Amino acid sequence: MKALAGKVALVTGSSKGIGAGIAIMFAAAGARVVVNYLYDEVGAEDVVSDIVAAGGEAIAVQADISRAEHVKRLFAVAFAEYGKPDIVVNNAGMFHQAPFSNITEAEMQQQFAVNVFGTLLVSQQAVEYFGDGGGCIINLSAVSSKNVAPGAVLYAATKGAIDSITQGLSRELGPKNIRVNAIAPGCIITEGLLASQMLKPEFKAQLIAMTPLGRFGIPEDVARVALFLASEEATYVSGERLLTSGGWR
């Protein structure tokens with residue numbers, strides 16, 4: 001039997017990158033998947049098409065996770081289509097690298113709204129929909145939540161909040177049979193990374209040098225860890241922050 005057979009998974013920000021990798025791997029493991037997106041409808045529909053072509057089930061649902069009414073609609077649509085979720089992945093996030101003195105108030109508010117407030121809103125709805133049967137919440141942290149590079153202070157601050165949310169919710173929700181864990185990726189090749197300044201030759205060489213395995217990760221590397229955390233293999237794992245970084249700490 002497949003690891004997630006009969007399960008329903010909702011993955012935020014899954015039209016591309018790590019989220020898409022998780023959605024596709026969960027579907028391959030037997031889950032029915034809700035692919036959430038904000039702007040990239042084409043990307044979300046491509047992920048759904050890939051899942052369906054491989055024999056899986058998925059739908060795409062647009063929602064801005066930083067807005068409570070959108071999050072409520074996201075879960076309502078998911079419930080109407082597949083029933084209550086068993087697994088919720090808080091993957092949606094924003095990253096903007098800039099010197100601290102150049103960060104605007106709007107950028108601060110936007111990153112915290114999506115990365116932190118969005119995670120809280122989605123997790124609240126997840127708890128409501130899980131019910132007595134419990135469930136699994138997986139949050140996306142980052143290596144930088146504990147190892148902050150210059151230019152990434154704002155992003156790292158939001159991911160530090162994710163670590164605190166993960167630990168606190170694991171303790172508060174454990175009695176309800178809800179497991180809460182975080183994955184902390186290192187440098188993963190995604191559309192966002194490719195569009196950033198981090199892959200300039202001088203930065204690329206530095207990043208690889210800091211990674212003991214000597215390479216960047218790919219979304220599937222993170223998705224495999226998410227699959228473990230979502231599966232029956234991890235039923236006694238909660239409150240953890242699992243590094244997926246090629247050894248970079």
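**Strand E5.** I started with E5, residues 135-140, in this predicted model. I counted how many of its residues are covered, and six of the six are buried. Next I sorted them by direction: Gly-135, Ile-137 and Asn-139 point one way, while Cys-136, Ile-138 and Leu-140 point the other. Both sets are buried. That fits what I expect, because side chains in a regular strand alternate between the two faces of the sheet.

**Neighbours of E5.** Which strands does E5 pair with? I found E4 (residues 87-90), running parallel to E5 and joined to it by four bridges. I picked out one pairing there: Ile-87 has Cys-136 as its bridge partner in E5. I also found E6 (residues 178-185), again parallel, with six bridges to E5. Here I noted that Asn-139 has Ala-182 as its bridge partner in E6.

**Crossovers.** I then followed the chain between these strands. From E4 through helix H4 (residues 105-130) to E5, I get a right-handed β-α-β unit. From E5 through helix H5 (residues 153-173) to E6, I get a right-handed β-α-β unit too.

**Cysteines.** I checked Cys-136 by itself: its relative accessible area is 3%, so I log it as buried, the limit being under 20%. Cys-187 comes out at 11%, so I log it as buried as well. I searched the whole structure for disulfides and got zero.

**Cores.** I went to the largest nonpolar core, which has 36 residues. Which of them touch the most other members? My list reads Ile-22, Phe-26, Val-33, Val-35, Ile-87 and Ile-138. I also looked at which elements feed this core with at least two residues each; among them are strands E1 (8-11) and E2 (32-37), helices H1 (17-28) and H8 (219-230), and E4 and E5. There is a second, separate core of 29 residues, and I spotted Ile-59, Phe-75, Val-122 and Ala-126 in it.

**Val-35.** I looked up its contacts, skipping neighbours within four places in sequence. The list includes Val-11, Ser-14, Ser-15, Ala-23, Ala-44, Val-47 and Val-48. Ile-59 is on the list of Val-35 contacts too, and I had already noted Ile-59 in the second core.

**Ser-144.** Where does this one sit? I placed Ser-144 in the loop between E5 and H5. Buried or exposed? Its relative accessible area is 13%, so I call Ser-144 buried. Leaving out residues up to four places away in sequence, I see Ser-144 touching Tyr-155 and Ala-156.

Definitions and conventions:
Residues numbered from 1 in each chain as written. Predicted model: local features only at pLDDT ≥ 70, side-chain atom pairs only at ≥ 80, totals over all residues. Heavy atoms only, no water. Disulfide = S-S within 2.5 Å. Buried < 20%, exposed > 50% of the residue type's maximum accessible area, 1.4 Å probe, protein only. Pairing = 2+ DSSP bridges. Right-handed = clockwise from strand over helix to strand, strands pointing away. Core = buried A, V, L, I, M, F, W, Y, C linked by side-chain atoms within 4.5 Å. Contact = heavy atoms within 4.5 Å.
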